[in-house]
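User: Could you walk me through reading a ligand site and a couple of backbone oddities?

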Amino acid sequence: MKREFKKIKSVKGELKFAGDKSISHRAVFFSSMAEGKSVIKNISSSEDVKSTQRVFNELGVEFTNDNSELIVKGRGKQKFKAPLVNLDCGNSGTTARLISGLLVAQNFSSVIIGDESLSKRPMKRVIEPLSLMGGKIESANSTLPLSIQPSDSLRAIEYTLPVASAQVKSTVLIAGLHLSDETKIIEKFVTRDHTERMLGLPVNTIQNSKVVSSSENFYPTAKDYFIPGDISSAAFFIVLTLITENSELIIKDVSLNPTRIGFIELLKKMNAKIKIENVRESSNEPYGDIIVHSSNLKNIGIDDSIIPNIIDEIPVLSVAGIFAEGNFEIRNCEELRYKESDRIKAICDNMKLTGLDIEEYPDGFRISGEIKKAKVEFNSFNDHRIAMAFSVLAMMIGNESSVEGIECVGISNPTFYEQIGYVSQQ
Ligand code: S3P
């Protein structure tokens with residue numbers, strides 16, 4: 001489906017977002033693993049989190065919706081039902097990677113599958129550490145399908161993350177929850193820390209590295225969760241407000257986890273007028289309100305160390321970069337090539353359509369020059385974050401500029417266009 005856009009005049013209003021996708025995935029995992037009833041308030045409305053629920057449903061977990069709450073009847077340790085079908089993770093990398101660590105510790109076999117995009121994404125990063133733990137995983141090309149057999153020799157490991165990935169960290173820690181010895185993850189670049197916060201895992205710093213440990217002592221128990229709003233969904237609206245004249249947007253009750261707000265810190269250094277207020281905490285996760293005003297942005301150098309913390313926001317940050325003084329350049333983000341699409345290529349191909357000068361590197365890109373086209377037809381590459389980032393750009397260009405393939409926004413935010421309609425004046 002294609003959507004056409006008029007030029008936006010200003011952004012005004014107040015928004016609240018459905019629960020953060022990363023936190024919601026984990027709330028479904030931990031409440032399904034725990035024995036008994038847990039309640040999840042403000043769960044993400046994304047297709048990806050529905051994929052996690054579908055997988056746990058096949059494993060015998062019961063879910064009921066009661067108004068805006070999800071009631072989960074968890075199974076307890078190693079009490080899942082053997083699945084009768086392949087476990088379909090849809091488009092969700094987080095579901096596929098995190099469930100691998102849980103399934104290696106069960107006493108039944110299972111097969112993990114996914115859609116066309118997920119079936120191309122690298123799984124060696126989880127197969128390797130889980131096999132080191134004694135997990136039995138087979139895969140033809142280190143991609144889905146993954147076939148998992150029960151193992152009678154699962155053991156704790158110490159593992160230094162070779163890629164800055166919270167999904168890899170989490171799957172190893174989840175497998176470690178089934179062992180009496182301590183499993184340790186060592187990370188040199190800080191990745192999102194929802195798993196350790198929500199499970200209350202011990203975290204230490206040793207020689208500039210972060211060390212997270214898990215063991216059976218931290219196996220989750222039933223509890224209630226409140227999921228703060230999705231900061232990565234809010235990012236598109238924050239950038240749209242910053243780059244549109246005469247605009248002010250208030251975002252309420254949104255996640256402010258320090259490992260997720262790297263893009264806000266970067267934008268502030270770029271001269272963005274963003275205020276954070278009313279910070280509170282729930283399930284060990286900070287959240288609060290954000291107030292954004294139109295700003296005259298300036299491009300600055302982007303340090304390698306913040307890349308894992310801005311990884312999902314790079315598509316929309318690159319759109320902000322076009323409207324900032326100077327040129328936008330980002331390197332050391334090769335990981336973007338392994339997301340729902342090859343995001344470096346998707347960004348560069350779309351940007352080239354505008355007449356901007358684009359330099360594509362194996363690990364990043366540079367944008368310079370001016371937008372020369374009055375009307376541009378972008379492509380979503382069937383990737384939700386590309387669809388939303390280029391919808392923002394299409395609104396800045398106007399003249400019925402369009403994005404083809406917008407259905408995929410539901411992967412993280414099914415209400416994206418409704419919210420755009422609500423806050424934008426044309
Ligand atoms: C996620 C981690 C990140 C991120 C993804 C969600 C998570 O992926 O890009 O959207 O919930 O753990 P990596 O861990 O592969 O970097």
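Analyst: We'll start with the ligand and then turn to the backbone. This is a predicted model, where local features need pLDDT of at least 70, side-chain atom pairs count only at pLDDT 80 or more, and totals for chains, interfaces and linings use all residues. Residues are numbered from 1 along each chain as its sequence is written, and side-chain values use heavy atoms, with hydrogens and water left out.

User: Which residues are around the ligand?

Analyst: A residue counts as near if one of its heavy atoms lies within 4 Å of the molecule. Here the shell is Ser22, Arg26, Thr94, Ala164, Ser165, Ala166, Gln167, Arg192, Ile311, Asp312 and Lys339.

User: What polar contacts does the ligand make with Asp312 and Lys339?

Analyst: A polar contact is a pair of N or O atoms within 3.5 Å. A side-chain N or O atom of Asp312 sits 2.7 Å from a ligand oxygen atom, and one in the side chain of Lys339 is also 2.7 Å from a ligand oxygen atom. Ala166 uses a backbone N or O atom, 2.8 Å from an oxygen atom of the ligand. The protein buries 94% of the 380 Å² that the ligand exposes when taken alone (Shrake-Rupley method, 1.4 Å probe).

User: And the backbone: where is the cis peptide bond?

Analyst: Most residues other than glycine have a negative phi, and most peptide bonds are trans. In this model a cis bond joins Leu144 and Pro145, with omega about -5°.

User: Which residue has a positive phi although it is not a glycine?

Analyst: That's Asn271, with a phi of about 90°.

Technical notes
A polar contact is a pair of N or O atoms within 3.5 Å; within protein, one must be able to donate a hydrogen and the other to accept it, and residues adjacent in sequence count only if both atoms are side-chain atoms.
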